[in-house]
Amino acid sequence: MDIKKMRESHKLLAEYKYELGKIERGYANRTLYVNISDNTISSKPVTETMKEKFVGGKGFGLWYLWNATSPSTKWDSPENEIVIAGGPACGITQYAGTGKSLVCSISPLTGIPIDSNVGGYFGPLLKFAGWDALEVQGKADNDIIVYIDGNKGVVTIEEAPLEAVDGHILGEQLTEMYADNEDDKRNVAVVTAGTGAEHTRMGLLNFSFYDPRRKTTRLKQAGRGGIGTVFRNKKIKALVVKFSNVKGNLNNAYDQSIINKTGIKYHKEIHDLDHLQNNMRKIGTANIIEVMDEYDLLPVMNFQYGSHPDTEKIKSTVFIEKYITQGVQDGCWYGCSMACAKAADNFTLKTGPYKGQKVTVDGPEYENAAGLGSNCGIFDPAAILELNFYCDTYGIDTISFGTATAFAMECYGRAIINKEATGGLELNFGNFETAVELLHQMSRGEGFGTVIGQGVHRMKKMFVEKYGADADFLFDIGMEQKGLEYSEYVSKESLAQQGGYGFTNKGPQHDEAWLIFMDMVNNQLPTFEDKAEALHYFPMFRTWFGLYGFCKLPWNDIVPEGNQYTDEPAKVPEHVQNYLDVAYGVTGKRLKVSDMIRESERVYNFQKIFNIRMGKGLRKDDKAPYRSMGPVTKEEYESRQERYDKQLKEIGYHIEGKTTEEKIAQLRKYREDQYEQLMDAVYKRRGWNSKGVPKIEYLKEIKMDLPELIEVVKDLQ
Amino acid sequence: MVKIIKLNNRDFPWEEGLTIKKIMEKKRYTFPKIVVKVNGKVIEKEDYEKTEVNKGDKVEMIHLLAGG
């Protein structure tokens, strides 16, 4: 690559100089606004009200997005924004998982706000460059790069015609371009999408960090909701930030010593216990592949089943022994001893434009292995890694791709679509060659790949209109809600998790709540009220991570010794206190758990009302596909007949002499009714009315009765 | 008399010589982060094999992953 030539071809469209400033208690106290339509750049102050109501991170992102858009804004409207914000704890180097950014935009898949959290260095370096958030609005005429030089205090918008688009190449090119030398590369962070993001609605953003041991640019993904599609639609090729003097005290914390103390305690836990618990340092989140299979929770063939004998071939130890480089400190931000950002080095690609090249594959994470693997009936670790690589570099969300491809494969298997529809592709479960070709088609913008790239919601409509498919059946088996594809867990046997997916703000992603063990296995949530309490606490607790810039994984992917003796071991109380201590250390705010929940309630309900403002967010939008609740087909029922027959007997239904179809119908009636009852209980617990609308009195109670919010909900009380 | 224990507050058949380890094998509870209690008392992992469960005991096997 001729970096010099690429840089010389840049055309400067705008330049903005700023004072470098200083961070106080985790806040730079200003945010950066960049408009790429009219090439204006400006600084906005962070107000005390913003901090009080929205804290930072996702809170700031949603607030800016609300102000930038109107109810008629579409994902590709110029006024739609991409907002990246870290939060006050972002950039701490003494505790694990403190480099997260939250990215918000109006989603091409759902039409409502999406938030996606991501590691890598961009968020922390952005803050150290002087900005609590970056807000990008408008649409460029030609491909541009926004460059933030946090050393010199200069922001530029530059046309960049020659660089690649695919994430793994562009990340390398820009790291090389903006670093002064090899040592300086760790001071450069790049956000990219990829060619596939241009031709689909499920584009992701890659956030880079330079790995000096591997001498390569690594990529972490803001995967959900198609923000990469927005990015490329705006003709943004990349966002780059440079800051060269990362130190442990740059947040200018209120009490650094408590952060240090908490961090040392936690690092020791990781060192002593990780190998006895989840093996995050060896394989990252993929440690649970075989666990999910064992508990019948691993999605197999479009969520029809929860386990498969061939899972043995893709279990975590296979990746550890054959592919994933061991003994490397794989943290995606400084100081993360959990180090779960694993990678397969020297992986030789078998297909596509980079065929034959040896690459570093960032992953697989659990969702990749389950979505690209078992859910598509693919039980080949090398195939999963290749799909993982191409998803990342093309800028395609592995979860949406996996779930959407699995749906299309089932439709093909049931002759709902045929080879004519797929352009000649044999779209059967287990067909890696076809799955990877779909990705290449997404990159090229052609063929059936671009149909899958529209997501399950639009495929359902298309298959009904074009091929006469049964709309009700497609609704049952199409694993999407609000337009977003389900993430990779089978929720059929956990009513709480059906709600954990179904009552989310952004769509069915498990980052609000994962309650399957508590509910299905532990039986800790026997009543609707118990489930509703969990569906209040956990989504609020987990929202809080995204307000401060924390990663969720260090919370419960390892637990301290003695956790079993606490009153509520599932909440990991000691780690909750760690977070409160670190947040106190940074900001000086001494929060209790109830304060933490209250902070989240404000932002959570803000997002809920944002959804309502955009035309979703009501009870009807929380309706879920039946496959998330129970067996749709005869094959599914009969594969777990003993389980389903037992439940029917327990509810007093006489199964003798009944056909499978009759039993399916009866079970469905029962389970759908349970889901509705759960919805009532959860809405009540969350302070919403039966339509799913926050009550004004509740908004007053949580101090979120902003006039613009009341305006949206007042006629829906 | 029905020979059962309560496992996570559900009925589970009891048999002579039933231990924590045997219950976990029968239930295929392979997850590494499980808190085990018998009648409210925490049982450490190294004691699973030797800890026998009696008829009517209340056994909890709490899987800790609550996050995903």
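In this predicted model, the C-alpha centres of domain 1 and domain 3 of chain A are separated by 32 Å. The contact between these two domains draws on 31 residues from domain 1 of chain A and 23 residues from domain 3 of chain A. For this purpose residues are in contact if their C-beta atoms, placed from the backbone, lie within 7 Å.

On the side of domain 1 of chain A that touches domain 3, the elements giving two or more residues are the helices α2 (48–54) and α3 (58–68), together with strand β6 of chain A. By residue class, that side of domain 1 comprises 13 nonpolar, 13 polar and five charged residues.

The domains themselves are placed along chain A as follows: domain 1 spans 3–242, domain 2 spans 278–485, and domain 3 is made of the two segments 495–558 and 592–716.

Strand β6 leads from the domain contact to a sheet. Six strands of chain A make up this open sheet, with mixed pairing, in the order β3-β2-β7-β4-β5-β6. Because β3 (40–45) and β6 (113–118) of chain A each have a single partner strand, they stand at the edges, and one side of each is left without a neighbour in the sheet. From one strand to the next, the twist averages 15 degrees.

In general, strands of a sheet pair through backbone hydrogen bonds, in either a parallel or an antiparallel manner. The pairing of β5 (residues 101–106) with β6 in chain A is antiparallel and consists of six bridges. Within this pairing, S105(A) has I114(A), in β6(A), as its bridge partner. Strand β6 of chain A thus appears both at an edge of the sheet and among the elements on the side of domain 1 that touches domain 3.

Key:
Residues numbered from 1 in each chain as written. Chains lettered and ligands numbered in written order. Predicted model: local features only at pLDDT ≥ 70, side-chain atom pairs only at ≥ 80, totals over all residues. Pairing = 2+ DSSP bridges. Helix = DSSP H or I, 4+ residues; strand = E, 2+ residues; numbered from the N terminus. Axes fitted to C-alpha atoms, helices over the stretch in contact; angles between N-to-C directions. Domains from an automatic or database assignment. Nonpolar A, V, L, I, M, F, W, Y, C, P; charged D, E, K, R; others polar.
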